[in-house]
Every structure is written in structure tokens, then in C-alpha cells.
Amino acid sequence: MSQNPEVVLCECFARDGLQHEPEVVPAAAKAAMLARIADCGFRRIEITSFSHPKYIPQFADAEAVLAAVPPRPGVLFKATCPNPAAVRRALAAREAGRGPEEISFLVSASEGHTQKNLRRSRAEQWTQVEEMAALAGGAFTTVGTISVAFDCPFDGPTPEERVVEDAQHFLALGVTRIAIGDTIGSATPPRVRALMRRLRDALPEDTVLIAHFHDSRGTGIANCVAALEAGVTHFDTALGGTGGHPAGIAYGEGFTGNVCTEDLATLFEAMGIRTGLDIAAVREAGRAAETLLGRRLHARTTRLGEHA
């Protein structure tokens with residue numbers, strides 16, 4: 001494993017990957033997968049969500065999973081926080097001895113998606129995020145995620161200037177890691193390059209941009225390469241391309257899984273871009289994810305030889 005990676009992949013299987021799974025995965029099985037994932041060399045790992053169990057039962061065990069996965073030097077374990085109550089849970093977990101190192105906040109770049117997904121207005125969501133950032137203080141590394149940054153299934157194309165404004169709003173709150181979400185997987189490489197370059201020009205140099213792309217139309221990896229060409233070095237991915245699930249999502253034209261970790265990591269290494277990952281171990285983790293979920297997932301490179 002390279003000690004000086006040129007790109008950082010955040011493995012999102014345990015949260016974004018499991019969010020829409022119809023069966024709840026036991027906490028012990030999640031913890032075992034997370035240990036396997038950490039052994040691959042990931043420096044950022046999405047561990048859980050503090051969503052209300054009433055809405056997402058998969059993460060009712062958030063505190064138990066955190067307690068079962070000890071901290072690792074140099075690794076940020078990230079938890080999603082959808083509201084102020086979630087940040088309070090993250091703080092309480094930290095007080096109890098095992099909280100996440102990183103937490104993320106969410107805004108949608110369109111009014112329509114905000115209303116459908118969060119059941120409130122954009123203005124109301126920003127008020128919540130401001131409270132969440134104040135609660136978090138300096139206790140965590142914080143990430144601001146901007147959903148539907150390219151297209152909204154309800155409002156159509158998202159203006160680039162709105163994404164820039166949202167990123168600047170996050171920065172004003174002290175959130176310096178900004179994840180750009182292609183929520184319905186409709187972006188194309190030229191649009192990705194244009195938006196990422198515009199963000200690079202508009203934001204301070206030390207802002208960390210994160211590409212959080214979905215692969216609904218099979219263009220996720222191409223879009224990641226375009227983001228790399230525009231200077232992005234952080235990417236969110238999930239083993240087996242898990243994520244959005246047709247049975248549990250009401251927009252995005254069906255499958256909206258994340259960019260597949262195994263395939264993107266293999267491509268970057270083949271391009272001479274250091275990921276810091278043990279690629280063989282990543283592929284083994286992908287096969288373990290298939291066993292855990294009881295079905296074949298979407299990774300291609302778990303079934304190809306190293307030089308295929």
C-alpha cells in the first residue's frame with residue numbers, strides 16, 4: 001500500500017451502500033465488514049448514519065457499530081447527520097468514548113428535491129445546517145454535501161452558480177470539505193470538468209472538494225476521471241456499486257448506486273494514480289460484501305484477472 005496516495009477514496013458501503021437494503025444487517029456483521037474495509041488502507045470510511053430509526057431502521061444500531069469499530073490512526077470514520085438531533089447523538093457518542101471522527105451535513109441544490117427529500121424548504125434546511133455546524137463546533141472534521149448538484153429530478157438542470165453559492169455558505173460555517181453530489185447520475189464529463197473548475201476558481205485553495213457520483217447511466221467512472229482532470233483528489237465510492245436501490249427510491253429512474261470502489265481503484269492504479277489501497281484486499285472486500293448481501297453486485301474487476 002502506498003503511504004503517499006495521490007487520491008483518497010472514501011468507502012461508503014456501510015452507510016450509503018446499505019441505506020436502502022430491505023433487510024437490516026446485524027451490527028456485528030457491519031463491524032466485521034468495516035474492519036475488513038479499514039484493512040484495505042482506506043483513510044476515510046463512512047461508518048453509519050444518525051438518522052432516526054423510524055425512517056431508516058438500518059442505522060438504529062449506530063452507536064453499537066461505532067463502539068464495535070475501534071479508531072485507527074490516520075483514518076476518519078464518517079457518520080451522516082441529517083438534523084441537529086443527529087449531531088447531538090454524535091456528540092453523545094463521543095462523550096461516551098466512541099464517536100465518529102468526521103460528520104456530514106446535507107443540503108439539496110434545488111427547492112424541489114429539498115421539499116421531496118427533506119420535507120422542508122431550502123431556507124429551512126440551511127437554518128438547520130447552521131445549527132448543526134454550531135453544535136459540532138470543532139469536535140469533528142465536517143463535510144458539507146450538496147445533492148442534485150447537476151440535475152434535479154423535479155426542477156431540471158441545477159445552475160452552477162447555485163452550487164458555488166451553497167459551497168460558499170458551507171465555508172462560511174467553517175465546513176471546508178465540500179462533497180458535490182450527482183444524485184441521479186446524470187452528469188457528463190464535460191459538465192463535471194466545468195463545475196469542478198468553477199468551484200476551484202471560486203473557493204479558497206485549501207477547500208477539499210469531494211466527488212460523490214452515482215452510476216445510474218454507467219458514466220460514474222468517466223465522471224470521476226473528469227473530476228480528477230479538474231483537480232479533485234477525493235472521491236466517495238461503495239463496494240460493488242451499492243447505494244440507491246430500485247425498491248427504496250422514488251426518483252432517479254431506478255438504480256442510482258454509487259461509483260464502484262473496486263473498479264475505480266483499479267482504474268486509478270492502472271493510470272499510475274496512487275490510491276494507497278491494497279487492490280487485492282479491496283476486491284476481496286467486494287466479494288465479502290456480495291456474501292453479506294446474498295447477491296451478485298455490480299463490480300466488474302472482482303471477476304477479472306489483475307491484467308485482464
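**Exercise 1. Determine how many aromatic pairs a search of the whole structure finds, and characterise the pair formed by Phe-150 and Phe-213.**

Solution. The search of the whole structure gives three aromatic pairs, where rings of Phe, Tyr and Trp (its six-membered ring) pair if their centres lie within 6.5 Å, planes under 30 degrees apart counting as stacked, over 60 as edge-to-face and the rest as tilted. Phe-150 and Phe-213 form an edge-to-face pair, with 6.1 Å from centre to centre and 70° between the planes. In sequence the two are 63 residues apart, Phe-150 in the loop between β5 (141-147) and β6 (151-152) and Phe-213 in strand β9 (residues 208-213), and the pair thereby links distant parts of the chain. Helices (H or I, at least four residues) and strands (E, at least two) are DSSP runs, numbered from the N terminus. Both Phe-150 and Phe-213 are buried, a term that stands for under 20% relative accessible area, with exposed over 50% and partly exposed in between (1.4 Å probe, protein chains only).

The model is a predicted one, in which local features need pLDDT of at least 70 and side-chain atom pairs count only at pLDDT 80 or more, while totals for chains, interfaces and linings use all residues. Residues are numbered from 1 along each chain as its sequence is written, and side-chain values use heavy atoms, with hydrogens and water left out.

**Exercise 2. Trace the closed barrel of eight strands and place strand β1 within its pairing.**

Solution. The closed barrel runs β1-β2-β3-β4-β5-β8-β9-β10 with parallel pairing, two strands being paired if DSSP finds at least two bridges between them. From one strand to the next, the twist averages 30°, where axes are lines fitted to C-alpha atoms, for helices over the stretch in contact, and angles run from 0 to 180 degrees between N-to-C directions. Strand β1 pairs with strand β10 (residues 234-237) in the parallel sense over four bridges, and Leu-9 stands opposite Phe-235 in β10. Towards strand β2 (residues 44-49), two bridges join the parallel strands; here Glu-11 stands opposite Ile-45, and the bridge partner of Cys-10 is Arg-44.

Next, consider the faces of the strand. In a regular strand the side chains alternate between the two faces of the sheet. For β1 (residues 8-11) both faces are covered, since Val-8 and Cys-10 on one side and Leu-9 and Glu-11 on the other are all buried.

**Exercise 3. Describe the salt bridges that Glu-46 and Arg-191 form, giving the setting of each partner.**

Solution. A salt bridge is a side-chain nitrogen of Lys or Arg within 4 Å of a carboxyl oxygen of Asp or Glu, and by this rule the count comes to 21. Glu-46 forms one with Lys-78, the closest N and O atoms being 2.8 Å apart. Glu-46 lies in strand β2 and Lys-78 in strand β3 (residues 76-80), so the pair ties together parts that are 32 residues apart in sequence. Glu-46 is buried at 1% relative accessible area, and Lys-78 is buried at 4%.

For Arg-191 the partner is Asp-151, with 2.7 Å between the closest N and O atoms. Because Arg-191 belongs to helix α8 and Asp-151 to strand β6, this pair ties together parts 40 residues apart in sequence. Arg-191 is partly exposed at 29% relative accessibility, whereas Asp-151 is buried at 12%.
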